[in-house]
Every structure is written in C-alpha cells, then in structure tokens.
Amino acid sequence: MKQLLLLLVPFATSLATGQVPGFQGNIGATVGTGVPTGEFADTWGRNMFTFGGQMAWPIGLLPIQGGFAFNYGIMGRETATVPVAEPALSATEGKLAVQAKVLGYHPLLRFSPLKGKVRPYVDGMAGMRQFTTRSKLTVEGMEDPLQQERQANDFTFSTGWAAGLMVGLGGIGYLEARVERFNSGKATYVNPSSIEINGAGQVDFGVLESNTDAVNILVGIGLRF
C-alpha cells in the first residue's frame, strides 16, 4: 500500500497541474517569408517579409497543447519628404511613411508527442487575418510621430495548419523550423506598388480584392517553461 501511495503522489500532482512532466509549454519568435498562393498569388503575387511568434501550454495529460500564433507580414512601404506646417515647430519638413501589412491572429491546438531534445509538432489553427495600411508622419527631433492615420483596413476569417520541429538549445532554449499554411477568405487590401505621396503630403493608392491564402516559411528561437 505504501508503494502504491508513493506511485500515486506524482500522478496526482500531474493531474492537479494539468500536465505530464516533459510536455512543457513554450514561447518563441520566428522570422521568414510569406508566399501568397492561389487567387492571392494571381492577384497580388509578391512574397513578403514575415515575423511573429507562438505560445503554447499544456492543457491536459495527453501531449496536446493550446496556444496562440501571431504573424506580421510587410506587404510594402512608401516614404516621402513632405512639408510640415506647425507654428510650434522649427522644422518645416517631415518624413511620411505609408506601410501596407497583414496581421494574423490564430488560436491553436498543438499535437507534440515527444519529450526529448528533438520535438516535432503539428498545429491546427483558426482565427483572423487583418489587412491594414497606416501612414505615419515623423519630424526629426520629435520622439513621437506628429501624425498617424489608418488609410485602409479589412478582416477575413482564416483557418490553417502548421508543422514544425524544435531542437533543444542548452537547458530551456530551442531552435525551430516551421511551415504554416493558411486558407483565408476574401479581403480588400491596398496594392503597395500603387501608393503615391504627392508634394503636399496627400496619400493616394489603389486596392485589390481576392482570397488571401498563403504559406509562411519560418525559422525561430524560443524558450520552454
């Protein structure tokens, strides 16, 4: 009976904490390339610099984790020097930057069956992608932007999957390779190559509309906890 109790103590502790030792959570950052596919590739068709991060944590006794993935893709950017008419400022010019980007917000479920140094995993994801374009006017010597404005904004529902491989680095660190595949709905977004800034600082652009499927190819680094 005493031996049985000794065996039950760690099991009860794991049950109370909702995890089995070895199935740790993790938090990491990734960087790579976003590749439009399908109609998105036909309509827009440019790869984009993409970065983001993922966080996962154990949700039970099985090697299943819950978590969240965030992505930030830069579709394009245009800058120009424009006049500034602010009596309180000594500067007469500023830098106007207009950036088109896509943001991804995806809760996830992860299957991660191994506990060792090398840990493959598969994620299922469902969430939203946001296509937004903002302008920012900065003046040299000022810490904060003089003006910020959202030029365009649209959301679309998105589902996807990811496959990744974590390789242990030291005690709690790891290196990661990750591929994400998103099936996203139709969205209206700014065509970055059409952005124009005239001499008075006014912004003009054209828009495109299509489904927004994409594949992200990423590498990263993170910590287990």
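**Entry 1: order of elements**

I read along the sequence and noted the pattern α-β-α-β-β-β-β-β-β-β-β-β-β-β. I counted two helices and 12 strands in the chain. I must keep in mind that this is a predicted model. I then looked up burial: of the 225 residues of the chain, 40% count as buried.

**Entry 2: β1, β2 and β3**

I went to strand β1, residues 26-36. How many bridges join β1 to β2? I found nine, and the two strands run antiparallel. For a landmark I took T30, which stands opposite G52 in β2.

Next I followed β2 to β3. β2 covers residues 48-58, and β3 covers 64-83. This pair is also antiparallel, with 10 bridges. Here my landmark was Q54, which faces A69 in β3. β2 and β3 make a hairpin, and five residues lie between them. I59 sits in that loop between β2 and β3.

**Entry 3: a nonpolar patch**

I59 came up again when I looked at the surface. It belongs to a nonpolar patch there. I listed the other members: I27, M55, W57, L109, I172, L223 and F225. Together with I59 they have about 770 Å² of accessible area.

**Entry 4: salt bridges**

I looked up the salt bridges and got a count of four. I wrote down three of the pairs, among them E39 with K186.

The side chains of E39 and K186 meet at 3.6 Å, N to O. This pair links distant parts of the chain, 147 residues apart. E39 is in helix α2, residues 38-43, and K186 is in strand β8, residues 186-190. Are these two residues buried or exposed? E39 has 33% relative accessibility, so I call it partly exposed. K186 has 44%, so K186 is partly exposed as well. The cut-offs matter here: buried means under 20%, and exposed means over 50%.

Then I turned to R110 and D123. Their side chains meet in a salt bridge of 2.7 Å, N to O. R110 lies in strand β4 (residues 93-111) and D123 in strand β5 (residues 118-138), so the bridge ties together parts that are 13 residues apart in sequence. R110 counts as buried because its relative accessibility is 1%. D123 has a relative accessible area of 2%, so D123 is buried too.

My third pair was R178 and E180. Their salt bridge spans 2.8 Å, N to O. What is the relative accessible area of R178? It is 1%, so R178 is buried. E180 comes out at 0%, so I marked E180 as buried.

I checked how these pairs are connected. R110, D123, R178 and E180 are linked in a network of salt bridges. I marked the four residues together on my copy of the structure.

**Entry 5: the largest pocket**

Last, I looked for open space. Rolling a probe the size of a water molecule over the atoms shows where empty space is left. The largest pocket has a volume of about 150 Å³. Which of its 13 lining residues are the closest to its centre? I noted L96, L137, Q147, G201 and Q202.

I also asked which strands supply the lining. β3, β5 and β6 each give at least two residues to it. β6 covers 147-169. I had met β3 before, in the hairpin with β2. β5 was familiar as well, as the strand that holds D123.

Key: Residues are numbered from 1 along each chain as its sequence is written. This is a predicted model: local features need pLDDT of at least 70, side-chain atom pairs count only at pLDDT 80 or more; totals for chains, interfaces and linings use all residues. Side-chain values use heavy atoms; hydrogens and water are left out. Patches are made of residues with over 30% relative accessible area and no salt bridge: like charges are joined within 9 Å, nonpolar side chains (Val, Leu, Ile, Met, Phe, Trp, Tyr) within 5 Å. Accessible areas come from the Shrake-Rupley method with a 1.4 Å probe; for residues, only the protein chains shown count as cover. Helices (H or I, at least four residues) and strands (E, at least two) are DSSP runs, numbered from the N terminus. Buried means under 20% relative accessible area, exposed over 50%, partly exposed in between (1.4 Å probe, protein chains only). Two strands pair if DSSP finds at least two bridges between them. On a 1 Å grid over the protein atoms alone, a cavity is a set of points where a 1.4 Å probe fits but cannot get out, and a pocket is an open set with protein on both sides within 12 Å along at least five of seven lines; lining residues have an atom within 4 Å of a point. Grid points are joined across faces, edges and corners, and a volume is the space filled by probe spheres set on the points.
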